[in-house]
Structure formats: structure tokens, C-alpha cells
Amino acid sequence: MKGSIFLLSALVVNGALAQTTPKTAPKMGHSAHGPSFDTGLRSRPHLMKGIGSAPFKISTQNPEVQAYFDQANALMHSFWWEEAERSLRWCLKLEPENPMVYWALARTGDGNMTGRYRDFLDQAIKRKGKATARERAFIEAWEAAYAKGVEDSEEVLRVRLQDLVGKYPDDLEAKAQLAWDRPRPGGEYLHDLICQQIWRVNPGHPGAVHSTIHSWDYRDPVKAIDSAEAYAKVAPRIGHALHMPGHIYSKIGMWKEAARSMDSATRTELRYLNDRLALPFETWNFQHNRNYLSFIQEQLGMFQASLRGGLDLLAAPTDPIESNDGAGGFAWQGRSAFVRACLKFEQYDMVLKPGAYPVGKDEMAQLFDAWAKCTAYAMIGNGPEARKRLISMQDLAKKMATMMQQLDQPGRKKVARDPFAASLKACEALTLRAEGKEAEGMKALLQAELIEREDRVAEPIAGDPPDAPWSVARIVADSKLAAGEAREAIEFYERALQYEPNDAFALSGLARAHFAAGNREKATWYAGRLEYVWSGADPGLKWLDSVRALKLNAKPIAVTPRPERPYVPSQLASFGPSNWQPFAAPKLDVRDVNGKSVSLADYRGKNVVLVFYLGDTCVHCVEQLTKIDAKKAEFAKQNTVVLGVSSAAPSANRDSLKLGSTSIKLLSDRNHENARRFASYDDFENLELHSTILIDAEGRVRWKHSGGDPFADIEYLLREIRRW
């Protein structure tokens with residue numbers, strides 16, 4: 001077999017407990033603080049540069065606590081919840097009774113005040129008597145907002161924070177919390193004024209510019225251009241700070257600038273993942289960012305680059321424990337990017353190829369699959385197959401509508417319109433036309449366009465990025481132009497262009513429609529706009545070639561709110577890699593049962609495996625290694641070797657009665673040096689963790705899992721190895 005995988009199963013020995021000890025000792029590898037601390041990043045943080053400045057003075061005598069609290073606060077203003085929690089847990093290690101640290105930990109749930117985040121808030125409330133009056137006001141604002149029976153937590157929090165700002169008018173963080181995220185409809189100007197007050201006092205505050213972007217993102221994106229430009233400068237080392245300007249630029253048709261933002265953000269996220277030995281599914285923002293970049297590359301006519309983004313997302317490892325399928329989840333983002341690009345550039349066979357993308361098990365993923373295949377079959381004229389998928393869509397949409405009704409409850413967002421109506425009617429229209437029922441199909445298509453228009457009034461900006469490859473208006477326009485109805489086509493193309501400013505597909509249609517209508521001047525103007533937007537497009541795209549065939553000799557014309565810089569991906573290489581690749585495994589320097597040094601280099605060229613375990617006194621560790629050993633023949637077929645690493649001495653490994661009879665090579669980690677390098681050590685509680693790590697023949701980490709319990713799904717390990 002070509003190559004080898006080194007299933008490095010390293011499970012580590014239990015270390016000292018944290019500062020507090022529960023009534024019953026925690027299980028080996030679990031936090032002494034309880035299950036709320038068993039997840040999250042557990043290695044020591046470091047003070048970061050390029051994240052902006054958002055100082056939040058709290059009661060502490062330790063400058064290190066204040067420094068990391070300020071860092072966490074700045075990170076939360078950029079939605080970097082994982083790193084913010086890491087910084088706060090270090091504060092807690094240094095001051096385990098500080099109520100403001102617990103309060104801030106509760107905020108890392110991004111408004112989710114259930115489970116572990118509720119536990120954090122309860123701990124803050126329990127200790128609020130130790131806080132100053134100002135600090136208690138913050139804690140009690142959250143306590144009141146998330147009390148049992150409260151139907152509108154956001155409104156309670158808003159009122160409390162307004163009172164807090166009134167009492168402490170110079171407190172920038174009180175204002176920053178009031179301006180958090182997105183205002184309610186009609187509150188954009190007041191929200192913007194608060195952000196401007198913060199910005200005037202502290203021009204380096206990431207929350208001031210980030211919140212301003214959210215103020216106008218869905219209302220009037222042009223008003224956020226200044227903040228978009230500023231945010232990337234305020235926090236250049238945070239992927240989300242480079243990402244959010246792309247939201248604004250894409251909504252106003254500045255596609256080149258949007259691509260620069262999203263590409264820089266993607267590369268910054270990947271550089272962070274590689275530096276921190278993290279995988280794509282361990283950070284929420286990377287997959288959303290890469291999907292968005294693919295969408296923008298589509299708009300620039302860069303089909304191959306956008307397709308590669310979708311394929312890379314689909315090929316990246318996933319978390320077998322957490323769901324990857326739901327809307328917005330990791331697998332969803334890959335499917336969305338892949339399908340959208342293929343449909344938009346009329347590569348229908350790629351969508352219909354068996355196994356082209358994982359369908360997913362939940363209803364939303366299956367509905368997406370039925371929609372994608374119905375559209376593809378209809379567009380190639382296969383009416384019977386399109387009809388089958390349409391029926392499936394209709395059944396699934398009914399189930400989803402029932403589920404969506406659950407949102408229409410006190411304290412939750414009401415679903416005002418049927419989110420599937422336009423897509424269902426559009427697919428019905430395309431299916432009818434594929435069945436040869438042109439008149440019925442066109443009638444249904446116009447009905448779908450009307451539903452879409454009403455949806456756009458209710459929600460002017462749809463999807464970030466959209467799953468659909470085109471608006472219904474553009475499909476109507478294409479149909480009208482093909483039927484020789486140029487003037488009607490112009491009307492619908494212009495509507496599509498309102499939905500997506502500087503959309504090249506609509507620009508191409510407008511150039512051809514105006515030419516067909518006899519207006520060469522307007523045809524040339526739209527052709528010039530197309531030449532500008534698609535100046536870096538892939539060769540051979542019919543939408544550009546068909547316009548050039550009109551021999552209008554159009555020169556590029558930029559119609560954007562501000563001048564743009566060109567998008568040249570190679571110029572962004574300094575930010576990091578553009579697509580995910582496995583990162584190099586850290587150094588392994590362990591001892592075998594005879595005290596001989598062992599490293600990953602010893603297995604080079606041989607399909608190899610690695611896991612960190614807590615010694616043979618850990619029952620679950622022994623179970624895991626025994627299960628792996630039971631599959632040794634299957635691992636051998638993959639040319640795979642298994643190693644187990646613990647902090648037990650070489651002699652203890654040699655004499656182990658529980659593991660000594662297995663075929664797994666037992667290795668000794670001195671002073672937890674290797675556990676720390678492989679992020680299998682909790683620096684907050686000096687606690688060793690269970691880690692299972694897959695490393696390929698080139699010495700690259702392909703997948704890993706760390707935490708309080710050993711990874712027990714051995715079949716998944718084998719499937720992942722085969723998948724490569």
C-alpha cells in the first residue's frame with residue numbers, strides 16, 4: 001500500500017488537580033472544576049498582537065490577570081470565543097474566586113446561556129458579593145436577562161446596560177456591551193452613534209468598528225465602508241476582522257475588495273490553525289469564511305478557485321462526535337460551496353455524479369440535496385428524475401415547516417414567511433419545463449419570482465453567503481431573452497442586479513439584451529462593466545465570450561462606491577496558505593520499554609499511527625487500547641502501526657500486566673514534554689488529557705481528538721485512514 005499512517009494513540013497519566021477540589025474526586029483526565037471545564041482549549045495562552053485594544057478594568061491585584069482579561073475582552077469583540085475562553089481560564093487559574101472572570105466566561109457562549117455557559121454565569125452570581133458596585137451591575141444585568149421565565153433576554157439586557165451607561169457615562173465597555181453585535185430594526189443610527197463615541201476615545205477598539213459593520217450590514221452596507229476599512233487595520237491578526245469587511249464589500253458589488261478580505265481572512269485562519277495544531281472543525285469561522293470566499297470567487301468568474309474551495313472543505317476532516325451536517329455546519333459549508341459553483345457555471349453532471357458530496361442525515365441536509373439534484377436534472381431536461389426530487393423536496397419542506405414552528409415560541413424569533421416557498425416554486429417551474437410543459441413552467445417561474453421579490457422586501461439581504469447559485473429573477477430574465485423578449489429580459493436582469501450589485505451574470509445578460517433591443521450604447525456600457533468585474537476570470541466562460549462576440553470593443557468600467565485594489569491571490573501568500581492542508585506533527589521524543597529513544601522519524605516511509613493515555617490504572621484507557629489492539633489486523637492491512645504514550649516509566653510499561661500483552665508499542669513521556677507539544681495537557685490544572693492523533697506517512701497530522709475521555713470509535717479511525 002502506498003504511504004502509511006502512524007496511529008499515534010497517546011493517552012497520558014493523571015497530573016495534579018486544580019486549585020479547588022470537589023467533594024468527589026474527578027475521573028482521570030477530567031477537570032476538578034466540573035464538566036463545564038472539560039471542553040475548550042486547555043493549553044496555556046499567550047499574549048497576542050494585532051487584535052485591537054479593549055481594556056476592561058476589573059478588581060485584581062495581579063497585572064497578569066488584568067492583561068489576559070483585557071485580551072479576552074478584545075477577542076470577544078471579534079467573536080473569537082475559543083481564544084477568549086483560553087485567556088479567561090488562565091485568569092481563573094491565577095484568581096479562582098474572581099467573579100468577573102466567571103461572568104466573562106459566560107459571555108464566550110455568544111448569547112447561548114445554557115449548559116456550561118449557564119454554569120459560568122451561576123458561578124459569577126454566586127461570587128458577586130466580592131465584586132465592586134460597577135462589576136456587580138454587569139453581573140446583575142446578565143442575571144436579570146437570563147433569569148427563569150424571561151421571554152426577551154436581549155431587551156432586558158439592553159435596558160440594564162442603558163442604566164449602567166447612565167450611571168457610568170465614561171465606561172467605554174458599558175457602551176461597547178450596549179452596542180454589541182446587531183441592533184434591532186430602526187435602531188441603526190443610535191447604535192452607530194454609540195460606536196462612534198467609543199471610537200473617538202479609543203480608535204483601536206475592535207468592538208466599535210465591528211459593531212458598526214453589523215449596524216449597517218443588512219440595512220445600508222455603504223454606510224459601513226469606513227468601518228470595514230478600519231477593522232482590518234485595527235485587528236490584522238484576527239481572521240474575523242479581515243472577514244467582516246468582505247460582508248460589506250460583497251453586498252455593494254466591490255467583489256475584488258471582498259475577495260481580498262475573504263482570502264486574507266481564510267489564510268489568517270489557516271495560519272492560526274497550523275500554529276495552534278488545530279483542525280478546521282475546531283474553529284467556527286474558518287468553514288464559513290472559505291465558503292464565502294468561494295461565493296465571491298464565483299462572482300469574479302473564478303470557477304476553478306471557487307470549486308477547489310468547496311472540494312477542500314469536503315475533504316477536510318470532521319468531528320465524528322459533534323454534528324457536521326446542520327445548516328451552517330462544517331459539512332454544510334462544503335456542500336453549499338461545491339453545489340453552488342457547479343450549478344452557477346452549469347456543470348450539472350458534477351452535482352449528479354454519485355458520491356460527489358456527502359448528503360448528510362438530517363432533514364435540512366436532505367432537503368438541500370433534493371433541491372440541488374432537482375435543479376440539475378431539470379436544467380439538463382430530465383423531467384422524470386427532476387419530478388422525483390421535487391416530490392422529495394415537498395415532503396421534506398413540510399417536515400421542516402413543522403420544525404420551524406418551534407421557533408414561534410416566547411423568547412424565540414418568529415418565522416414570518418415560509419423560507420422554502422420560493423425554492424419549491426422555482427423547482428416546480430423548472431421541472432414542468434423539463435417535462436415539456438413550457439407555458440405552465442413559465443407561469444410557475446413568474447410566481448416564484450414574485451415570492452422571491454416579497455421575500456427580498458421582508459429581508460433585503462439574503463444569505464451570507466447564499467446557498468442558491470442565482471436569483472429567480474435572473475432565471476426569468478434568461479428565459480425571456482432566449483424567447484426573444486429582450487425588453488422584458490432587461491427588467492428582470494435589472495432586478496437581479498439590485499439583489500447582487502455588479503453580478504457578472506446579470507451584466508452579461510443586460511449587455512446581450514440591450515444589444516438585441518437595438519441599444520448598442522447601453523450594451524457597450526454593460527459589457528464594459530462585465531469586463532471590469534471579470535478581468536481575472538477563467539478563460540472560456542460563455543457569459544463573457546458571448547458578449548465579446550458582439551464586437552462592442554468595450555473597455556473595463558468600474559461602477560463601485562470606492563476604487564478597488566486588484567485581487568491577485570499570489571500577492572496574499574504572506575497571510576498564510578489559501579486552502580487547508582494537514583500540518584506537520586510536532587516533535588516526538590519518547591523512550592521505549594528499554595529506555596531507547598523513539599521518534600516519528602523512526603517510522604518514516606512506513607505506513608504508521610499515535611494516542612496519549614493516562615497509564616494502565618485508567619480503566620477507560622485500557623479499554624481503548626484493547627479495542628485498538630483487537631483491530632490490529634485491519635490496521636496492518638492499511639500498513640498502520642499503533643503507539644501508546646504515557647508518563648509511566650519505561651520499566652512500568654515493560655512490566656504492565658494490563659497492556660504488556662498487546663501489540664501496541666508502549667512509550668514513556670518524560671515530564672509531559674510530548675503531551676504539551678501535542679496539546680494533550682491541561683496547563684490550567686496541570687492535568688494530562690486523553691488524545692488520539694492520526695499522522696500520515698509524511699509526518700502530518702490528519703485528525704485528532706483530545707479531552708477528558710479517550711476516543712472509542714475505532715471504526716472511525718479506520719474509515720478516516722481509508723478515506724485519505
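Trainee: What makes D362 a cap for the N-terminal end of α17?

Mentor: In this predicted model, a side-chain oxygen of D362 lies 3.1 Å from the backbone nitrogen of M364. A polar contact requires N or O atoms within 3.5 Å, and the 3.1 Å between D362 and M364 satisfies that limit.

Trainee: How do you know that the span of α17 agrees with that of a helix?

Mentor: Helix α17 covers residues 363–379, which is 17 residues. At 1.5 Å a residue these should span 24 Å, and the end C-alpha atoms are 24 Å apart, so the two values agree. After the helix comes G381, whose phi is positive, near 85°.

Trainee: Why is α17 called largely enclosed by the rest of the structure?

Mentor: A residue is buried when its relative accessible area is under 20%. Of the 17 residues of α17, 13 are buried, and therefore the helix is largely enclosed.

Trainee: Which residues have the most contacts inside the largest nonpolar core?

Mentor: They are F69, W103, F138, W142, I296 and W534, in a core of 211 residues. Helix α17 supplies the largest share of this core, 10 residues. As for I296, its contacts outside its neighbours within four places in sequence are S250, W255, A258, A259 and M262.

Trainee: Why is S646 counted as buried?

Mentor: Its relative accessibility is 0%, and the cut-off is under 20%, so S646 counts as buried. This residue is found in strand β6, residues 641–646. Its side chain reaches the backbone nitrogen of A648 at 3.1 Å. S646 and H672 are 26 residues apart in sequence, with 8.4 Å between their C-alpha atoms.

Trainee: What makes β10 and β11 a pair of strands?

Mentor: Pairing calls for at least two bridges, and 6 bridges join β10 to β11, so the strands pair. They run antiparallel, and I693 stands opposite K704 in β11. The two strands form a hairpin with 4 residues between them, and G699 in the turn has a positive phi of about 80°.

Trainee: How do you know that β10 is mostly covered?

Mentor: In β10, residues 690–695, 6 of 6 residues are buried. H690, T692 and L694 point one way, while S691, I693 and I695 point the other way, and all are buried.

Trainee: What is the average pLDDT of the protein chain?

Mentor: The average is 89, and 90% of the residues score at least 70. Over residues 1–23, however, the pLDDT is below 50, although this stretch has 140 contacts in the model beyond near neighbours in sequence. Residues 407–413 also have a pLDDT below 50, with 9 such contacts.

Methods
Residues are numbered from 1 along each chain as its sequence is written. Side-chain values use heavy atoms; hydrogens and water are left out. The expected span of a helix is 1.5 Å times one less than its number of residues. Buried means under 20% relative accessible area, exposed over 50%, partly exposed in between (1.4 Å probe, protein chains only). A polar contact is a pair of N or O atoms within 3.5 Å; within protein, one must be able to donate a hydrogen and the other to accept it, and residues adjacent in sequence count only if both atoms are side-chain atoms. A nonpolar core is a set of buried Ala, Val, Leu, Ile, Met, Phe, Trp, Tyr and Cys residues joined through side-chain atoms within 4.5 Å. Contact means heavy atoms within 4.5 Å. pLDDT is the predictor's confidence in each residue, from 0 to 100.
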